[in-house]
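Trainee: I have this model open on my screen and would like to take a close look at a single part of it. Could you walk me through the aromatic residues and what lies around them?

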Amino acid sequence: PMTTPSTTPAQRSTADKLQRVLTIVLWLGMICAMLAVVGVKMIFPHRDIPVLYPAGAYALTDQDGKPFSDAALRGKPYVCDFVFTTCGSVCPIMSSKMATLQNRMPASVSFVSFSVDPTHDTPPVLKDYAHRYGADESRWHFLTGTAEQMAAVAKKMNITAVPATKDDPIMHSDRFLLIDGDGNVRGVYDSKDEQSMQKLVDDAAFLSRSRGARG
């Protein structure tokens with residue numbers, strides 16, 4: 001009968017070394033994979049940013065007198081607020097913070113300021129207001145329309161906006177909203193609270209990295 005030659009000590013030693021090398025390579029591969037996962041999570045941490053409600057559709061006029069609708073902002077996130085140009089209290093503070101936000105956020109994040117005094121805030125007035133706050137008009141849009149249109153936008157976004165009366169001035173919310181690329185409100189932020197403002201920056205940055213800005 002035929003016999004199988006036995007392996008020599010040198011061959012066994014070579015096989016053992018090869019086995020050890022393969023084992024080390026496999027372990028290194030597993031370690032690298034785990035480090036990569038940890039690194040990605042550190043750089044792009046998961047954020048729980050639920051959809052709160054749809055922002056609703058609108059078709060208004062911008063500071064250049066051109067039609068502007070929510071469709072122009074689909075596919076990317078944007079931050080919006082409600083102000084009016086003759087406001088002497090909270091609006092200048094909000095607009096100054098919006099000007100700061102445009103410098104702190106990725107270029108893919110846009111901004112919209114809706115006027116709650118559309119009778120006065122015509123496109124030329126809004127244009128001057130945009131210049132006053134150093135707005136990057138390629139991404140910060142100032143919108144106006146009829147009183148009915150602006151009231152409808154505020155209502156859809158769950159924002160308080162009460163017209164002036166004989167006895168009371170215009171009343172409106174000082175909140176910022178974060179809206180995703182599908183037109184959904186993803187966050188409501190207190191413009192007076194710095195922690196809330198930082199959360200807005202972080203949430204907007206996360207949505208800007210997400211596919212379709214949907215998070």
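Let me start with one side chain: is Tyr133 buried or exposed?

Mentor: Happy to, and please keep in mind that this is a predicted model. Tyr133 is buried, at a relative accessible area of 15%; the cut-off for that label is under 20%. Its ring partner Tyr129 is buried as well, with a value of 1%.

Let's look at how those two rings sit. The count of aromatic pairs in the protein comes to five. One of them is edge-to-face: Tyr58 and Phe114, with 5.2 Å from centre to centre and 90° between the planes. Tyr58 is in the loop between β1 (53–54) and β2 (59–61), while Phe114 belongs to strand β5 (residues 110–115), so this pair ties together parts that are 56 residues apart in sequence. Both partners count as buried: Tyr58 has 6% relative accessibility, and Phe114 has 0%. Now back to your tyrosine: the ring centres of Tyr129 and Tyr133 are 4.9 Å apart and the planes meet at 55°, so that pair is tilted. An angle over 60 degrees would have made it edge-to-face. Tyr129 and Tyr133 also share one aromatic cluster with Trp140 and Phe142.

Next in the sequence to Trp140 comes a charged residue that deserves a visit. Arg139 lies in the loop between α3 (123–132) and β6 (140–143). Arg139 is buried yet has no salt bridge. The nearest side chain of opposite charge is that of Asp136, 4.6 Å away, and a salt bridge would need a nitrogen and a carboxyl oxygen within 4 Å. What Arg139 does have is a polar atom of its side chain 2.9 Å from the backbone oxygen of Val109. Leaving aside residues up to four places away in sequence, Arg139 touches Gln102, Met105, Pro106, Ala107, Val109, Ser110 and Phe111.

To put this part into the whole, the protein has five helices and 10 strands. Of its 215 residues, 40% are buried, and your Tyr133 is one of the buried ones. Among contacts between residues at least 6 apart in sequence, 71% join residues at least 24 apart, and the link between Tyr58 and Phe114 spans 56 residues. As for the outside, the accessible surface comes to about 12300 Å², and 62% of it belongs to carbon and sulfur atoms.

Notes
Residues are numbered from 1 along each chain as its sequence is written. This is a predicted model: local features need pLDDT of at least 70, side-chain atom pairs count only at pLDDT 80 or more; totals for chains, interfaces and linings use all residues. Side-chain values use heavy atoms; hydrogens and water are left out. Helices (H or I, at least four residues) and strands (E, at least two) are DSSP runs, numbered from the N terminus. Buried means under 20% relative accessible area, exposed over 50%, partly exposed in between (1.4 Å probe, protein chains only). Contact means heavy atoms within 4.5 Å. Accessible areas come from the Shrake-Rupley method with a 1.4 Å probe; for residues, only the protein chains shown count as cover. Rings of Phe, Tyr and Trp (its six-membered ring) pair if their centres lie within 6.5 Å; planes under 30 degrees apart count as stacked, over 60 as edge-to-face and the rest as tilted. Lys and Arg count as positive and Asp and Glu as negative; His and the chain ends are not counted. A polar contact is a pair of N or O atoms within 3.5 Å; within protein, one must be able to donate a hydrogen and the other to accept it, and residues adjacent in sequence count only if both atoms are side-chain atoms.
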